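These exercises concern charged side chains and their surroundings. Work through each task before reading its solution.

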Amino acid sequence: AWIAAEFGIKPPSRTAYYDWLEGMRKLEAPRRLQLALQAEREAAALAQTHKLDAGAANSLAAIGREAALNGSPATASRLINAAVSIAAIDLKAQELKLKREDQRIKAATLALSERKFEAMESRATAAEKRAEAAEAETAALKAKIAGLESALQEAGKSTAADPAAVAEALDKHLGVKK
């Protein structure tokens, strides 16, 4: 009311406001479509460099929906198809990342298994060497025992008192003839 009194301007009616809004939308629609096409080109260029993610795909899909609402189904279709392509690229990138992580885990597991195997192999080799050394020591001890037994038998034969031999040696010493 004060605008009418101050400046002599009548406030607009709802119909006048909606008519003005429709006119502005008609004037704004080509610019919005141009921005949507530019966004599509930029998205395609980014897709080539693989720098897009799910957020960019969602944004592009939203622009496509807006283009569809503004009466440009061809542009909307291209934008939404680009968004789907970007989402697919992002999904493949995530799958590759998971596969690389899986490969890294498998490689680490394999390396750990190899270290365990090498440790077991070195323990087995050390045990075999100890067994061979023990066998060699046992063989040497057996040879020593055999030599001692042989020497003991030889010593027992010469010092063993055979009564008949002793009697004969005594008779010979005393000079007794038989």
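**Exercise 1.** In this predicted model, classify Asp102 as buried, partly exposed or exposed, then examine how Asp102 pairs with Lys106.

Solution.
1. The relative accessibility of Asp102 is 37%. Partly exposed covers values between the 20% and 50% limits, so Asp102 is partly exposed.
2. Lys106 has a relative accessible area of 49% and is likewise partly exposed.
3. The closest N and O atoms of Lys106 and Asp102 are 3.5 Å apart. The cut-off is 4 Å, so the two residues form a salt bridge.
4. Both residues lie in helix 4 (residues 73-159), four residues apart, which means a separation of about one helical turn.

**Exercise 2.** Find what links Glu28 to Arg31 and how far apart they are in helix 2.

Solution.
1. A salt bridge joins the two side chains, at 2.3 Å from N to O.
2. Glu28 and Arg31 are three residues apart in helix 2, so about one helical turn separates them.
3. Glu28 is partly exposed at 27% relative accessibility, and Arg31 is partly exposed at 44%.

**Exercise 3.** Describe the pair Glu22 and Lys26 and state the accessibility of each residue.

Solution.
1. The closest N and O atoms are 3.6 Å apart, and the pair counts as a salt bridge.
2. Glu22 and Lys26 are four residues apart in helix 2 (residues 14-49), so they too are separated by about one helical turn.
3. Glu22 is partly exposed at 43%, whereas Lys26, at 59%, is exposed.

**Exercise 4.** How many salt bridges does the model contain by this rule?

Solution. The count is four.

Notes. Residues are numbered from 1 along each chain as its sequence is written. This is a predicted model: local features need pLDDT of at least 70, side-chain atom pairs count only at pLDDT 80 or more; totals for chains, interfaces and linings use all residues. Side-chain values use heavy atoms; hydrogens and water are left out. Helices (H or I, at least four residues) and strands (E, at least two) are DSSP runs, numbered from the N terminus. Buried means under 20% relative accessible area, exposed over 50%, partly exposed in between (1.4 Å probe, protein chains only).
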